[in-house]
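Subject: Structure handover

Hello,

Please find the structure below. My notes on what was found follow it.

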Amino acid sequence: MKYVVEFEKSGIAKYISQLDFQRTISRAMRRANLPLAYSHGFNPHPQLSFAAPLAVGISSECELFEAELYEEADENIFSENLNNALPDCIRIIKVKKDSLKNCPVNAGVYKVECENAPDAKIIDIFMSRDTIEMDKKTKGGIKQLDIKTDIFGISVNNNTIEMTLAAGSQRNLRPFLVTDAIKKYTGHDCGYCKYHRVKLLNM
């Protein structure tokens, strides 16, 4: 039985690596007496999968993971018991009987609060480029890639940049790299930034 869980990460939770975060969820589900299913074989692992995992340092109000249970559970009890077993910086918003296959994700919307936000003219100069090449970590190592095709939209409102970026297993762009690219190609340093994901999309 598969369930999709929508949750928030705030405060110190944004500094937990994805692997440690998966362990945190797994332990919390055991404390909540939820019948989490495990894989078979010599090294059983919990049947959890995450949609577009966050990079360390980004908070969110819209994350999703799928949990497979070996027994059916009431969605409201699932949510309440798991919230009671988690720290305040991780909050379950909603649980529904579903699969991530029915909730495809390929983009994320981020709000970036900047110490020194660029104005609209700088963003126009930045996005008018034919290519935006940056060093990016890939499975094959560090490579210089054109990230412009992974920037679906970008705008500025006061001290906040809103970015819609590729997010998923096939294509993924971290907002840190975009603020670094703005500095590289326009000379504008955004200074200290807070990164927050507000929405996951299928575009």
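Of the 203 residues in the chain, 44% are buried. Please keep in mind that this is a predicted model. The secondary structure comes to four helices and 10 strands, and along the sequence these follow the pattern β-α-β-β-α-β-β-α-β-β-β-β-α-β. The C-alpha trace spans about 55 × 35 × 25 Å along its principal axes.

Aromatic rings

Searching the whole structure gives seven aromatic pairs. One of them is formed by Tyr3 and Phe78, with 5.5 Å from centre to centre and 50 degrees between the planes, and this pair is tilted. Tyr3 belongs to strand E1 (residues 2-9) and Phe78 to helix H2 (residues 75-85), so the two are 75 residues apart and the pair links distant parts of the chain. Are these two residues buried or exposed? Tyr3 has a relative accessible area of 0%, so Tyr3 is buried. Phe78 also has a relative accessible area of 0% and is buried.

A second pair is made by Phe21 and Phe50. Why does this pair count as edge-to-face? The ring centres of Phe21 and Phe50 are 6.0 Å apart and their planes are at 65 degrees; planes over 60 degrees apart count as edge-to-face. This pair, too, links distant parts of the chain: Phe21 lies in helix H1 (residues 18-31) and Phe50 in strand E2 (residues 48-51), 29 residues apart. Both residues are buried.

Phe21 and Phe50 are also part of a cluster, in which ring pairs link them with Phe7 and Phe65. Phe21 has a charged neighbour as well: the charged end of Lys9 sits over the Phe21 ring, 4.4 Å from the ring centre.

Salt bridges

Side chains of opposite charge can pair when their charged atoms come close. How many salt bridges are there? The count comes to nine, and three of them are described here, beginning with Glu66 and Lys2.

The side chains of Glu66 and Lys2 meet at 3.9 Å, N to O. Because Glu66 is in strand E3 and Lys2 is in strand E1, this salt bridge ties together parts that are 64 residues apart in sequence. Glu66 is buried, at a relative accessible area of 10%, whereas Lys2 is partly exposed at 34%.

Asp20 and Arg23 form another salt bridge, at 2.7 Å from N to O. What separates these two along the chain? Both are in helix H1, three residues apart, which means that about one helical turn lies between them. Asp20 has a relative accessible area of 35% and is partly exposed. Arg23, at 41% relative accessibility, is partly exposed too.

Lys136 and Asp150 also form a salt bridge, and their closest N and O atoms are 3.9 Å apart. This pair links distant parts of the chain, with Lys136 in strand E6 (residues 133-138) and Asp150 in the loop between strand E7 (141-146) and strand E8 (151-157), 14 residues apart. Lys136 counts as buried at 16% relative accessibility, and Asp150 counts as buried at 8%. The cut-off for buried is under 20%. With Arg171, these two residues are linked in a network of salt bridges.

A surface patch and a buried serine

Which residues make the nonpolar surface patch of about 350 Å²? Ile12, Tyr15 and Val56 make it. Ile12 is in the loop between E1 and H1. Ile12 counts as exposed because its relative accessibility is 64%, and the cut-off for exposed is over 50%.

Ser60 is in strand E3 (residues 58-68), the strand that also holds Glu66. At 2% relative accessibility, Ser60 counts as buried. A polar atom of the Ser60 side chain lies 3.4 Å from the backbone oxygen of Arg197.

If you want places to start looking, try the tilted pair of Tyr3 and Phe78, the Phe21 ring with the charged end of Lys9 over it, and the salt-bridge network of Lys136, Asp150 and Arg171.

Regards

Methods
Residues numbered from 1 in each chain as written. Predicted model: local features only at pLDDT ≥ 70, side-chain atom pairs only at ≥ 80, totals over all residues. Heavy atoms only, no water. Phe/Tyr/Trp six-rings, centres within 6.5 Å; stacked < 30°, edge-to-face > 60°. Buried < 20%, exposed > 50% of the residue type's maximum accessible area, 1.4 Å probe, protein only. Lys NZ or Arg CZ within 6 Å of the ring centre and 35° of its normal. Patch = residues over 30% accessible without salt bridge, like charges linked within 9 Å, V, L, I, M, F, W, Y side chains within 5 Å. Areas by Shrake-Rupley, 256 points an atom, 1.4 Å probe, with all protein chains shown as cover. Salt bridge = Lys/Arg side-chain N within 4 Å of Asp/Glu carboxyl O. Polar contact = N/O pair within 3.5 Å; in protein donor to acceptor, adjacent residues only side chain to side chain.
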